[in-house]
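Trainee: Could you walk me through how to read a fold, step by step?
Mentor: Gladly; let us look at the structure together.

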Amino acid sequence: MTALSHFNHLSPPQALALIAPCVAIPAWCEAVVAARPYASRESLLGAAQQASQSWGEAELNQALSAHSRIGEKPTGSQVHAALSRQEQGAVNDQDSQLALALKAGNARYEARFGRVFLIRAKGRSGEEILAALAQRLNNSHAEEVQAALEALREITLLRLEGAISE
Ligand SMILES: NC(=O)NC1=NC(=O)NC1=O
């Protein structure tokens, strides 16, 4: 965790490196870094949320390159993978029945929407994620872009909260 005061004074490249793992959308990272210094953590989180409001389908697809499927323990030492592993911690990967159901659900989702199913996994059990997946399969394409973008915003802000302390 980096203190806000320290984040405020980092060089732009160092500040970018610190928040890059939040989301693979460089324009968002640059906007958050460019708006420093922040008077409080609240103002940082508010600005970050605001900067995410302009995201559309292009940003969603850009960001998904860094998000592993739910239930597939991410491989590699990439910092994104480490965060994904941590966020998916409540998904019991010893439950083979659940793993199969998530694998089938992910495949159905990708066949319908053409992209990886994205959900804020932190604090959700595998069963809760499965139920959410089933619900979202009923969405229209337009509705599902918005639902996936909302999940991306939640994940991104949670990661930023985890990166910068007061
Ligand atoms: N496909 C996903 O939903 N991936 C993820 N959800 C999270 O909360 N972290 C991830 O990497």
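**Reading the fold**

Mentor: Start with the order of elements: from the N terminus on, the protein chain of this predicted model runs β-α-α-α-α-α-α-α-α-α-β. That makes nine helices and two strands.

Trainee: How do I judge how compact the protein chain is?

Mentor: Compare the radius of gyration with the globule rule. Here the radius is 16 Å, close to the 15 Å that the rule gives for 166 residues, so the protein chain is as compact as a globular protein of that length. Its C-alpha atoms fill a box of roughly 50 × 35 × 25 Å along the principal axes.

Trainee: And what share of the residues is buried?

Mentor: Taking buried as under 20% relative accessible area, 43% of the 166 residues qualify. The protein chain exposes about 8300 Å², with carbon and sulfur atoms supplying 54% of that area.

Trainee: Which residues of helix 6 are buried?

Mentor: In helix 6, residues 79–87, they are His80, Ala81, Leu83, Ser84 and Glu87. These cover an arc of only 160° around the axis, which puts them on the same side of helix 6.

Trainee: What covers the buried residues of helix 6?

Mentor: The cover includes helix 9, residues 141–163.

Trainee: How far apart in sequence are the residues that contacts join?

Mentor: Set aside pairs close in sequence. Among contacts between residues at least 6 apart, 71% join residues at least 24 apart.

Trainee: Last one: how far apart are the mean positions of the positive and negative charges?

Mentor: For the 15 positive and 17 negative charges, the mean positions lie 3 Å apart.

Terms used: Residues numbered from 1 in each chain as written. Predicted model: local features only at pLDDT ≥ 70, side-chain atom pairs only at ≥ 80, totals over all residues. Heavy atoms only, no water. Helix = DSSP H or I, 4+ residues; strand = E, 2+ residues; numbered from the N terminus. Rg over C-alpha atoms; globule rule 2.2 N^0.38 Å. Buried < 20%, exposed > 50% of the residue type's maximum accessible area, 1.4 Å probe, protein only. Contact = heavy atoms within 4.5 Å. Areas by Shrake-Rupley, 256 points an atom, 1.4 Å probe, with all protein chains shown as cover. Lys, Arg positive; Asp, Glu negative; His and termini not counted. Charge placed at Lys NZ, Arg CZ, Asp CG, Glu CD. Arc of directions from axis to C-beta.
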